[in-house]
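Hello,

Here is the structure I promised to pass on, with the sequence alongside. Please have a look at it first, and then read on for my notes.

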Amino acid sequence: EDKAEAAKWYRAAAEQGYARAQFSLGVCFDEGEGGEENKAEAAKWYRAAAEQGHARAQFKLGVCFAEGEGIVEDKAEAAKWYRAAAEQGYARAQFYLGVCFADGEGVAEDKAEAAKWYRAAAEQGHARAQFKLGVCFAEGE
């Protein structure tokens, strides 16, 4: 196992525009694998992959915007990228988008829309979404 060597090859492919490599390089920078942790570089590479439609990169870019990691915090941008991934069926993004709607983070608060996204993730086995959907039913939301 050689994370630095992996990052070198991810970069070679990422610089040629290969979305999976861009996402993987983003993860390397995000988690400090194969080199120094660098949240700004992580966000840059997540964005490159996200703009090509890579669902996990769209989700991770949403997280960057939500938490202001490597990029200026922007809850509306976070929700936009969560939605892009959620619409491709990515369960974690569906759950996070549900939270956005439940809490009015980056979008107008909408409990029905939150429940819709929780259900989408819950039906894929996402445990936190299953719990939140249960709460929606328990509280009549």
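Where is D30 found? It sits in helix 2. Before I go further, please keep in mind that this is a predicted model.

**D30 and its helix**

D30 is a nice place to start. With a relative accessible area of 9%, D30 is buried, because the cut-off for that class is under 20%. Leaving aside neighbours within four places in sequence, D30 is in contact with E37, K39, A42, Y46, K60 and E69.

The helix around D30 is worth a look too. Helix 2 covers residues 19-31, which makes 13 residues, and it reaches 18 Å from its first C-alpha to its last. That is close to the 18 Å expected at 1.5 Å a residue. How many of the 13 residues of helix 2 are buried? The count is 10, so this helix is largely enclosed by the rest of the structure. Besides D30, the buried residues are A19, A21, Q22, F23, L25, G26, V27, C28 and F29. What covers them includes helix 1 (3-14), helix 3 (39-50) and helix 4 (55-67). Just after helix 2, G32 takes a positive phi of about 70°.

In the loop between helix 2 and helix 3 you will find N38. N38 counts as partly exposed, at 31% relative accessibility. Its C-alpha atom is separated by 9.1 Å from that of G26, and the two residues are 12 apart along the chain.

**The whole protein**

Now for the wider view. The protein has eight helices and zero strands, and along the sequence the pattern reads α-α-α-α-α-α-α-α. Its C-alpha atoms fill a box of roughly 50 × 30 × 25 Å, taken along the principal axes. Of its 141 residues, 40% count as buried. As for contacts between residues at least 6 apart in sequence, 40% of them join residues at least 24 apart.

**The core**

Which residues touch the most other members of the largest nonpolar core? They are Y46, F59, Y82, L97 and Y118, in a core of 44 residues. The elements that give two or more residues to this core are helix 2, helix 3, helix 4, helix 5, helix 6, helix 7 (111-122) and helix 8 (127-138). Helix 4 gives the most, with eight residues. Y46 also appears among the contacts of D30, which is a handy way to get from the first site to the core.

Y82 deserves a closer look. Not counting residues up to four places away in sequence, Y82 touches F59, G62, V63, A66, A93, Y96, L97 and C100. Two of these contacts, F59 and L97, are named with Y82 in the list of core residues that touch the most other members.

**The largest pocket**

Y82 turns up again here. About 200 Å³ of space lies in the largest pocket. Of the 13 residues that line this pocket, the closest to its centre are A66, Y82, Y96, V99 and C100. Helix 4, helix 5 (75-86) and helix 6 (91-103) are the elements that give two or more residues to the lining. Which of them gives the largest share? That is helix 6, with five residues. By class, the lining has eight nonpolar, no polar and five charged residues.

**The loop between helix 7 and helix 8**

Two residues from this loop round off my notes. H126 is found in the loop between helix 7 and helix 8, and so is Q124. Is H126 buried or exposed? H126 is buried, with a relative accessible area of 15%, whereas Q124 counts as partly exposed at 48% relative accessibility.

Their contacts, again not counting residues up to four places away in sequence, are easy to find on screen. H126 touches A91, R92, F95 and A121. Q124 touches G89, A91 and Q94, so A91 is a contact of both Q124 and H126. The C-alpha atoms of Q124 and C100, 24 residues apart along the chain, are separated by 19 Å.

Happy browsing, and all the best!

Notes. Residues are numbered from 1 along each chain as its sequence is written. This is a predicted model: local features need pLDDT of at least 70, side-chain atom pairs count only at pLDDT 80 or more; totals for chains, interfaces and linings use all residues. Side-chain values use heavy atoms; hydrogens and water are left out. Helices (H or I, at least four residues) and strands (E, at least two) are DSSP runs, numbered from the N terminus. The expected span of a helix is 1.5 Å times one less than its number of residues. Buried means under 20% relative accessible area, exposed over 50%, partly exposed in between (1.4 Å probe, protein chains only). Contact means heavy atoms within 4.5 Å. On a 1 Å grid over the protein atoms alone, a cavity is a set of points where a 1.4 Å probe fits but cannot get out, and a pocket is an open set with protein on both sides within 12 Å along at least five of seven lines; lining residues have an atom within 4 Å of a point. Grid points are joined across faces, edges and corners, and a volume is the space filled by probe spheres set on the points. Ala, Val, Leu, Ile, Met, Phe, Trp, Tyr, Cys and Pro count as nonpolar, Asp, Glu, Lys and Arg as charged, and the others, Gly among them, as polar. A nonpolar core is a set of buried Ala, Val, Leu, Ile, Met, Phe, Trp, Tyr and Cys residues joined through side-chain atoms within 4.5 Å.
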